[in-house]
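Reader: I am new to protein structures, and I would like to learn how to read one. Could you walk me through it, feature by feature?

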Amino acid sequence: MHSRTAVVAVVLLGHAMLLPFTWAQNAGFVKSPMSEIKLTGDTFELYCDVVGNPVPEIQWWYAEINRADSFKQLWDGARKRRVTINTAHGANCVSVLGITRLTLEDSGTYECRASNDPKRNDQRQNPALSWIRAQATITVLQKPKINASDQIILSAETHAQPFTMWCNLTTTDNVPQESFWMKNGVEIDTTRTKNKDTSHRIKKAKADDAGEYMCVYTFEKAPNANTTIEVKAAPDITGHKRSENKKEGENATMYCKSVGYPHPVWTWRKLDGIFYTDIDNSSGRFFITNRDNYTELNVLNLDITTDPGEYHCNATNMIGTSGTTTILRVRSLLAPLWPFLGVLAEVIILVIIIVVYEKRKKPDEIMDDDEPAVPIKTNSTNNHKEKNIRQRNQK
């Protein structure tokens, strides 16, 4: 008995001694930062994903170009709050370094350091042995200068009239390859050219032509350069649900969509008598969803007494406003029975009319069953013959 206890104790002690070595894991990179070329005024983000047990600590360091021996640690909010560092701890440790409004001085080597060594912050410990490192080089180039046309505002006076946007690449350290135009982040077909001077013409202006236009220049050894031209117009509602027919207790969905730029602020109202009542998401039954040039109103658990009526959607931006109406009809749950009940009522009325008519017939119109239906025919020819014979005998 004592020998078995001793064996169990030795086994448990062995497991206890091996447990820290079984679960411990040195820090290692899952994703390391990548080198990039940027332009002044741009933004960059570097990602660092590290695994290990215990969960590693991550630090960010920076050294100027050609000075790899002079690294300085970066902190959140550095460089006049242009530096942000966001770190999340889970199964892995993930950290993101971001720098906005880049300047030429932001060029350099950025280093992600990670360690889960308990002695990693000991001043007597050699950092090269405690921390693993991954580097990325950020090169910031002077952004080319692009002259461009001013913003354009489309109005009722300019409707269906042509307008032209233009860009001119005036200053650059690199030879441009080509240029093209984009609208709302999508390239416009057949606009690519190799000219420094480029333009885009709209033949007939309408609200749908409003948006954010961009002329883009490409380079062989530098990032694309661009500038933005805004074409603004009042909202124009191009689609909506004219009516919605539902039963009480069901859910109703109404929507409106528009063109125009900037994207409008959407509002929904309901006509109560002669006044409009604003609708929001506070009631628990009305839910409004807005995204850019589209809005949607959902009404839950319809009430036949309060919910039917006119619903008005309105789109407003700095240029103008537009609105339209949707009619909501709510039927009773018994509505499908009305046609059947109508037919049944017609049948009942017809039967009553027939019964009343039969009861009110006159007695002489009722035929006696003992009387023959057809009068008895007499042989009139034979009677005449007998009469003639008698007259001859008398003579």
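Author: Let us go from the whole chain to the sheets, and then to single residues. Keep in mind that this is a predicted model.

Reader: How many helices and strands are there in the protein chain?

Author: The protein chain has 25 strands and five helices. Of its 395 residues, 31% are buried. The accessible surface is about 26400 Å², and carbon and sulfur atoms account for 54% of that. You can also look at contacts between residues at least 6 apart in sequence: 63% of them join residues at least 24 apart.

Reader: Now the sheets, please. What holds the strands of a sheet together?

Author: Strands in a sheet pair through backbone hydrogen bonds, and the pairing can be parallel or antiparallel. Here, one open sheet has five strands in the order β2-β9-β8-β4-β5, with mixed pairing. At its edges are β2 (36-39) and β5 (72-73), each of which pairs on one side only.

Reader: How many bridges are there between β8 and β9?

Author: There are seven bridges, and the two strands, β8 (residues 108-115) and β9 (residues 132-141), are antiparallel. To see one of these bridges, find arginine 113, whose partner in β9 is arginine 133.

Reader: Is threonine 109, in strand β8, buried or exposed?

Author: The cut-off for buried is under 20% relative accessible area. Threonine 109 has 15%, so this residue counts as buried. Leaving out residues up to four places away in sequence, threonine 109 touches Trp61, Tyr62, Ala63, Phe71, Gln135, Ala136 and Thr137.

Reader: What is the strand order in the other open sheet of five strands?

Author: That order is β18-β25-β24-β20-β21, again with mixed pairing. The edge strands β18 (243-247) and β21 (275-279) each have a single partner strand, so one side of each has no neighbour in the sheet. On average, neighbouring strands of this sheet are turned by 30° against each other, ignoring direction. Within the sheet, β24 (residues 309-316) and β25 (residues 321-331) run antiparallel and are joined by eight bridges. For an example, asparagine 314 has glycine 323 as its bridge partner in β25.

Reader: Which residues form a nonpolar patch on the surface?

Author: Look for four valines: Val343, Val347, Val351 and Val355, with about 310 Å² of accessible area together. Valine 355 belongs to helix α4 (residues 338-359). Its relative accessible area is 39%, so valine 355 is partly exposed.

Reader: What should I know about backbone angles before I look at single residues?

Author: Most peptide bonds are trans, and most residues other than glycine have a negative phi. Departures from that pattern are worth finding in the model.

Reader: Where are the cis peptide bonds you would show me?

Author: One joins asparagine 53 and proline 54, with omega about 5°. Proline 54 is in the loop between β3 (44-53) and β4 (57-63). Another cis bond runs from tyrosine 261 to proline 262, where omega is near 0°. You will find proline 262 in the loop between β19 (252-261) and β20 (265-272).

Reader: And which residues could I visit for a positive phi?

Author: Try threonine 190, with phi near 60°, in the loop between β14 (186-187) and β15 (197-202). Threonine 190 is exposed, because its relative accessible area of 84% is over the 50% cut-off. Then visit asparagine 301, where phi is near 50°. Asparagine 301 sits in the loop between β23 (294-299) and β24, and at 49% relative accessibility this residue counts as partly exposed.

Terms used. Residues numbered from 1 in each chain as written. Predicted model: local features only at pLDDT ≥ 70, side-chain atom pairs only at ≥ 80, totals over all residues. Heavy atoms only, no water. Pairing = 2+ DSSP bridges. Helix = DSSP H or I, 4+ residues; strand = E, 2+ residues; numbered from the N terminus. Buried < 20%, exposed > 50% of the residue type's maximum accessible area, 1.4 Å probe, protein only. Contact = heavy atoms within 4.5 Å. Axes fitted to C-alpha atoms, helices over the stretch in contact; angles between N-to-C directions. Areas by Shrake-Rupley, 256 points an atom, 1.4 Å probe, with all protein chains shown as cover. Patch = residues over 30% accessible without salt bridge, like charges linked within 9 Å, V, L, I, M, F, W, Y side chains within 5 Å. Salt bridge = Lys/Arg side-chain N within 4 Å of Asp/Glu carboxyl O.
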